[in-house]
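User: I would like a close look at one part of this model, taken slowly and with every cut-off stated. Please begin with that part and then work outwards into its surroundings.

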Amino acid sequence: MNKKNMNMETAVIHTGYDSNLHHDSLATPLYQTSTFSFANAEEGENRFAGNCEGNIYSRLGNPTVRVLEERMKEIEYGQGALAFGSGMAAVSAILIYLTKAGDHVLCSKGIYGCTFGLLEILNEKYGITHTLTSLRTEEEVEQAIRPETACIYVETPINPTMELVNLEAVIAVAKKHHIQVVVDNTFSSPYLQNPLLMGADFVLHSATKYLNGHGDVVGGVLVGRDGEEMERLRSTVQKDVGGIMSPFDAWLLLRGMKTLHVRMDRHIDNAKKIVAFLKQQPSVKKVLYPFDESHPQYNIATKQMREGGGLISFELEGGKKEAQAFMNALSLIKIAVSLGDPETLIQHPFTMTHAGVPPTERIDMGITDSLLRLSAGLEHSDDLLEDLGQAFDKVKLQSVGEVLSSN
């Protein structure tokens, strides 16, 4: 089969691996080695000089990791991919690669708390400034660009507000100004959204999340539309900063990715049922989900995403006290800050993932102390809805009891 005609569901299982090159092993072998030997001194010289192909040292390349990179390149429709030890290692690598002292990074209004922290470090140490702004229209993007803007960095959907960035508008303006666009695609996964096909220059993932899907790997992946540029990035920033992925983590990711499409369908189905349930609860003030027709950017979501994904954010009546009481009342659903796992997870961004963002900026991003983020897992939806329902009932009874005791 021509791989250009291969569906993603097939590509996540087959691409990037030739069993004939690995002793006919059906499963990708784990090359758990730090270094590789040479037949003779001349071969070592030629490999280091780039005159012949071959493995040298696992920080510079590993056969197991390479299969993962090739597979990610295919399913994100890029020309090159690099695997990193964490999502933040991937974020750090691309921002280091694209910027120099005195540059400016234009960002979507909301970003992951650690990405924000990295941008603050770059500003403090190297004078690389950043602006967080809404990127809804071409006019807004034009107004936010500065002469020193080196790149545009966006999340869409944004963590944790589920706000969307209009990628078509951002990319159109960026191309006019010859500015490269980086898209954090973690929340959608390649199954639901492919920014490189829309014209973005780089797409990155916290592979810890949907790509792995089992909660037992920390990793990151960066995919680019220019293969030569990705090789330059490999031979400079990745090599010298060294935030590489281990062979074992790559092996686990390859195993997890084979079921990406099956898992995503279940995440989406559960998320939709949870959204419908939450919208019926009197104590829920707002539900944020891209493919819910009440979402203010529903039209953008349906244009650039295939489905709404497995992440839901919702605001409760009250504040931090009420939000934490609701989380503590849950039984089956676990309090944890990741997403994309088989287990349904819930967290409080104001005091957890975005606690390092200054309070005024958190509020400006739309992260209130009553906002909760829920990652729909793979359990039976009836059990999830039952757990949510009993938590709402328990918190309601507690609030009634508080009122009675105060009287």
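How many bridges join strand β4 to strand β5, and in which sense do the two strands run?

Analyst: This is a predicted model, in which local features need pLDDT of at least 70 and side-chain atom pairs count only at pLDDT 80 or more, while totals for chains, interfaces and linings use all residues. Residues are numbered from 1 along each chain as its sequence is written, and side-chain values use heavy atoms, with hydrogens and water left out.

Strands β4 (residues 149-155) and β5 (residues 180-184) run parallel and are joined by five bridges. Strands here are DSSP runs of E with at least two residues, and helices are runs of H or I with at least four, numbered from the N terminus; two strands pair if DSSP finds at least two bridges between them. Within this pair, Tyr153 has Val182 of β5 opposite to it. Helix α7 (residues 167-177) lies across both β4 and β5, and its direction is at about 155° to that of β5. For such values, axes are lines fitted to C-alpha atoms, for helices over the stretch in contact, and angles run from 0 to 180 degrees between N-to-C directions.

The loop between β4 and α7 deserves attention in its own right. Pro157 is placed there, and the peptide bond that leads to it from Thr156 is cis, with omega near -5°. Pro160 belongs to this loop between β4 and α7 as well, and the bond from Asn159 to Pro160 is likewise cis, with omega near 0°. Most peptide bonds are trans.

Moving outwards, β4 and β5 take their places in an open sheet of seven strands, whose order is β1-β7-β6-β5-β4-β2-β3 and whose pairing is mixed. Its edges are formed by β1 (80-84) and β3 (129-133), each of which pairs on one side only. From one strand to the next, the twist averages 20°. Helix α3 (residues 63-75) packs on this sheet, where it touches β1, β6 (202-206) and β7 (220-224), and its direction makes about 130° with that of β1; contact in this sense means heavy atoms within 4.5 Å.

Helix α3 also leads to the open space in the model. The largest pocket has a volume of about 910 Å³, and it is lined by 29 residues, of which Glu53, Gly54, Asn55, Gly61 and Arg66 are the closest to its centre. At least two lining residues come from each of α2, α3, β1 and α9, and α3 gives the most, with six. By class, this lining has ten nonpolar, nine polar and ten charged residues, where Ala, Val, Leu, Ile, Met, Phe, Trp, Tyr, Cys and Pro count as nonpolar, Asp, Glu, Lys and Arg as charged, and the others, Gly among them, as polar.

The search uses a 1 Å grid over the protein atoms alone: a cavity is a set of points where a 1.4 Å probe fits but cannot get out, a pocket is an open set with protein on both sides within 12 Å along at least five of seven lines, and lining residues have an atom within 4 Å of a point. Grid points are joined across faces, edges and corners, and a volume is the space filled by probe spheres set on the points. By this rule there is one cavity of 30 Å³ or more, and the volume of the largest cavity is about 90 Å³. Its lining comprises 13 residues, with Ser58, Gly61, Val65, Glu69 and Arg234 nearest its centre. Here α3 and α9 each supply at least two residues, and the largest share, three residues, comes from α3. This lining divides by class into five nonpolar, four polar and four charged residues.

Helix α9 (residues 227-241) has a further partner in helix α4 (residues 87-98): their axes come within 11 Å and cross at roughly 100°. That makes α4 roughly perpendicular to α9, a label for angles of 65 to 115 degrees, with those under 35 counted as roughly parallel, those over 145 as roughly antiparallel and the rest as oblique. The contact is made by Ala93, Ile94, Ile96 and Tyr97 on the α4 side, and by Glu229, Arg232, Leu233, Thr236 and Val237 on the α9 side. These contact residues of α4 and α9 divide into six nonpolar, one polar and two charged.
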